[in-house]
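Trainee: I have a model open on my screen and I'd like to learn how to read it. Can we go through it feature by feature?

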Amino acid sequence: MSASVDSKQFKVLLEQIVEQFVSDHKSAIKNKTVGVVGIHSRGAVLAKRIADILYKKHHLKVDVGSLDITLYRDDVSEIGNQPLVKESDIPFAVEGKTLLLVDDVLYTGRTIRAALDALLELGRPTLIRLAVMVDREGRELPIQADYRGTQMTVGDAQKIQLEVKEIDGKEGIWIRKRKS
């Protein structure tokens, strides 16, 4: 099955997200108060790439972190007795920062709600904006992306699969059949 978004398009979409963010937050960029936080696992990879683009294209070195939201999920009891918890790594103070929270696919909004809870336990950023590579229908909470690579509509029997080379060995976005 061919990718809905191939690796070249993937890179372009990520660069467009960065350009929109830079355009919207000139003051924070000028004051060097920007932080980028990715939600494990693929959001963390995307956050590192966003930081790299900011450095290469705008000569802006930003703080980068990764966030595990497992214990903040509202369905953590359904995951099992011992959910697999990854380590959050936010090596900077979030106080007074303009944070770009990054995830791969925005669907129900529950992952983002959990991420906001986890972030706010660390302090009070000046502003949090959300960037996702894919925004799809099906929101259960009133959460929306500020920056999106693409928007996709899929049927109930389908799912969106985003892959990054650092984790999956290949890169792109596919629409696949959901396993029953």
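Trainee: How many nonpolar, polar and charged residues are in the lining of the second largest pocket?

Mentor: Keep in mind as we go that this is a predicted model. The lining of that second largest pocket has three nonpolar residues, one polar residue and nine charged ones. Its space comes to about 290 Å³.

Trainee: Which residues lie nearest the centre of the second largest pocket?

Mentor: Lys11, Glu15, Arg49, Ile53 and Lys56, out of 13 lining residues. Next, look at the elements behind them: α1 (7-24), α3 (42-58) and α6 (165-168) each supply at least two residues of this lining.

Trainee: And how much space lies in the largest pocket?

Mentor: About 840 Å³. There are 30 residues in its lining, with Arg73, Asp103, Asp104, Val105 and Thr111 nearest the centre. By class, that lining splits into 10 nonpolar, seven polar and 13 charged residues.

Trainee: Which element gives the most to the lining of the largest pocket?

Mentor: That's α5, with five residues. Elements supplying at least two residues each are β3 (98-106), α5 (110-121) and β6 (158-163).

Trainee: Let's go back to α3. What span does α3 reach, from its first C-alpha to its last?

Mentor: For a helix, you can set the end-to-end span against what the residue count predicts. α3 has 17 residues and reaches 24 Å, close to the 24 Å expected at 1.5 Å a residue.

Trainee: Which residues of α3 are buried?

Mentor: The cut-off to remember is that buried means under 20% relative accessible area. In α3 the buried residues are Gly43, Ala44, Val45, Leu46, Ala47, Arg49, Ile50, Ala51, Ile53 and Leu54. Notice Arg49 and Ile53 on that list; we met both among the residues nearest the centre of the second largest pocket. The cover over the buried residues of α3 includes α1, β1 (34-39), β2 (63-67), β3, β4 (127-136) and α6.

Trainee: What comes just after α3?

Mentor: His59, which takes a positive phi of about 55°, although it is not a glycine. You'll find His59 in the loop between α3 and β2. At 67% relative accessibility, His59 is exposed.

Trainee: What is the phi of Lys32?

Mentor: Lys32 also isn't a glycine, and its phi is positive, about 55°. It sits in the loop between α2 (26-30) and β1. Lys32 counts as exposed, with 59% relative accessibility.

Trainee: Where is Lys97, then, and is Lys97 buried or exposed?

Mentor: Lys97 is in the loop between α4 (76-79) and β3. Don't judge a lysine by its name here: Lys97 has a relative accessible area of 12%, so it counts as buried. Leaving aside neighbours within four places in sequence, its contacts include Lys32, Asp63, Phe92 and Pro125.

Trainee: Which two residues does the cis peptide bond with omega of about 0° join?

Mentor: Omega is the angle to check for that. The cis bond joins His40 and Ser41, and Ser41 is in the loop between β1 and α3.

Trainee: How many aromatic pairs does a search of the whole structure find?

Mentor: One. It is made by Phe21 and Tyr147, which meet edge-to-face, 5.9 Å centre to centre with 80° between the planes. The partners come from distant parts of the chain, 126 residues apart, with Phe21 in helix α1 and Tyr147 in strand β5 (residues 147-152). As a general idea, two numbers describe such a pair of rings: the distance of the centres and the angle of the planes.

Trainee: Are Phe21 and Tyr147 buried or exposed?

Mentor: Phe21 is buried at 1% relative accessible area, and Tyr147 is buried at 3%.

Trainee: One last residue: which residues does Leu106 touch?

Mentor: Leu106 lies in strand β3 and is buried, at 2% relative accessibility. Not counting residues up to four places away in sequence, it touches Ile112, Leu130, Val132, Val134, Asp135, Arg136, Arg139, Ile143, Gln144 and Ala145. You can also compare sequence and space: Leu106 and Arg148 are 42 residues apart along the chain and 9.2 Å apart, C-alpha to C-alpha.

Conventions. Residues numbered from 1 in each chain as written. Predicted model: local features only at pLDDT ≥ 70, side-chain atom pairs only at ≥ 80, totals over all residues. Heavy atoms only, no water. 1 Å grid on protein atoms, 1.4 Å probe; cavity = no way out; pocket = protein on both sides within 12 Å on 5 of 7 lines; lining within 4 Å. Points joined across faces, edges and corners; volume = space filled by probe spheres on them. Helix = DSSP H or I, 4+ residues; strand = E, 2+ residues; numbered from the N terminus. Nonpolar A, V, L, I, M, F, W, Y, C, P; charged D, E, K, R; others polar. Expected span 1.5 Å × (residues − 1). Buried < 20%, exposed > 50% of the residue type's maximum accessible area, 1.4 Å probe, protein only. Contact = heavy atoms within 4.5 Å. Phe/Tyr/Trp six-rings, centres within 6.5 Å; stacked < 30°, edge-to-face > 60°.
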